[in-house]
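The following exercises are to be worked with the sequence and the coordinates at hand. Each task is followed by a solution in steps.

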Amino acid sequence: MTKADQSRSTNIPTLGLVLAGGEARRMGGDKAFRKVGGKSLIGRVIDVAQGQCDQVMISSNAGADAFAGYSLPVVADQPAAGQGPLGGILGGLLALPDGVDWLVTFPVDCPIVPLDMVERLQAVAADTGAKAAFASHADRDHYLSSIWHRDAAKVIADLLASDDRRVRGPLQALDAPRVVFEDKVAGLEPFTNVNTPDDLKLINSALASTVSKQG
């Protein structure tokens, strides 16, 4: 049993939601399937989510056929497409199965994730009695690397109904605590975003350098 499996077995069940619904205009489209370290971004992020969560789903309006190779449920934005990431989060919360009250979001363009992210987000949310918590690193908040209780759905739905699509909005409304992650992940900066072809080159170079040093 891996360390992730051990921690997962002692925690409240969680469902990981890979947010893959963006238009990826700066990347030139198809961001989720761009290669990082020889593997697609979405494949890498799914691996991370499966290592920390009990179940995993993909958030996208493209439909299940677009992700058929991953054998995972695909959920659409709610209440409709065009709501930004909050629509994806709401779709995931509304799709939570019975017995799972916590949703953890993993942006598809953020492949470097601390191996204890879910455990720490969940612990801080439990300690503070909050219905959400989010990650932060190097004085930068990462609102989409976050955990949400199913009760957060109404708060998000109300904000979307008032045309407020900021992810920060429901986190503020829920008094969500910031969880600071200080350490690098295998020598790489956690929560690094891959939004452009140049970002892709940089992270591939960093991964190659890390593998070379380990070898």
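**Exercise 1. Determine how β1 is placed between its partner strands, and whether its faces are covered or open.**

Step 1. Strands β1 and β6 run parallel and are joined by 6 bridges. Strands here are DSSP runs of E with at least two residues, helices are runs of H or I with at least four residues, and both are numbered from the N terminus. Two strands pair if DSSP finds at least two bridges between them. The model is a predicted one, in which local features need pLDDT of at least 70 and side-chain atom pairs count only at pLDDT 80 or more, while totals for chains, interfaces and linings use all residues. Residues are numbered from 1 along each chain as its sequence is written, and side-chain values use heavy atoms, with hydrogens and water left out.

Step 2. Locate the register between β1 and β6. T14 has W102 as its bridge partner in β6, and G16 has V104.

Step 3. Turn to β4. This strand pairs with β1 in the parallel sense over 5 bridges, and V56 in β4 stands opposite G16.

Step 4. Examine burial, where buried means under 20% relative accessible area, exposed over 50%, and partly exposed in between (1.4 Å probe, protein chains only). In a regular strand the side chains alternate between the two faces of the sheet. In β1, T14, G16 and V18 lie on one side and L15, L17 and L19 on the other, and all are buried.

**Exercise 2. Establish the strand order of the open sheet and identify which strands stand at its edges.**

Step 1. The open sheet has 7 strands in the order β5-β4-β1-β6-β8-β7-β9, with mixed pairing.

Step 2. Because β5 and β9 (178–180) each have a single partner strand, they stand at the edges, and one side of each is left without a neighbour in the sheet.

Step 3. Check the β5 edge: β4 and β5 run parallel and are joined by 2 bridges, and I58 has V74 in β5 as its bridge partner.

Step 4. Check the other side of β6. Here β6 and β8 run antiparallel, with 4 bridges between them, and L103 is partnered by W148 in β8.

Step 5. Consider the cover on β6, in which 6 of 6 residues are buried. W102, V104 and F106 are on one side, and L103, T105 and P107 on the other.

**Exercise 3. Describe how helices α2 and α4 lie on the sheet, and state what I46 contacts.**

Step 1. Helix α2 (residues 41–52) has 12 residues and spans 17 Å from first to last C-alpha, close to the 16 Å expected at 1.5 Å a residue; the expected span is 1.5 Å times one less than the number of residues.

Step 2. α2 lies across β1, β4 and β6 (102–107), at about 170° to β1. Axes are lines fitted to C-alpha atoms, for helices over the stretch in contact, and angles run from 0 to 180 degrees between N-to-C directions. Helix α4 (residues 117–128) also packs on the sheet, touching β1, β6, β7 (132–137), β8 (140–149) and β9, with its direction at about 135° to that of β6.

Step 3. An α-helix has 3.6 residues a turn, so residues three or four places apart point the same way. The buried residues of α2 include L41, V45, V48 and Q52.

Step 4. I46, in helix α2, counts as buried because its relative accessible area is 4%. Leaving aside neighbours within four places in sequence, I46 is in contact (heavy atoms within 4.5 Å) with V18, I58, Y70 and L72.

Step 5. The C-alpha atoms of I46 and V108 are 8.5 Å apart, although the two residues are 62 apart in sequence.

**Exercise 4. Classify the ring pair of F33 and F67, and compare the burial of its members.**

Step 1. Rings of Phe, Tyr and Trp (its six-membered ring) pair if their centres lie within 6.5 Å; planes under 30 degrees apart count as stacked, over 60 as edge-to-face and the rest as tilted. The rule gives 3 aromatic pairs.

Step 2. F33 and F67 are stacked, at 5.8 Å centre to centre and with 25° between the planes. The pair links distant parts of the chain, 34 residues apart: F33 is in the loop between β1 (14–19) and β2 (35–36), and F67 in the loop between β4 (55–59) and β5 (74–75).

Step 3. F33 is partly exposed because its relative accessibility is 35%, whereas F67, at 4%, is buried.
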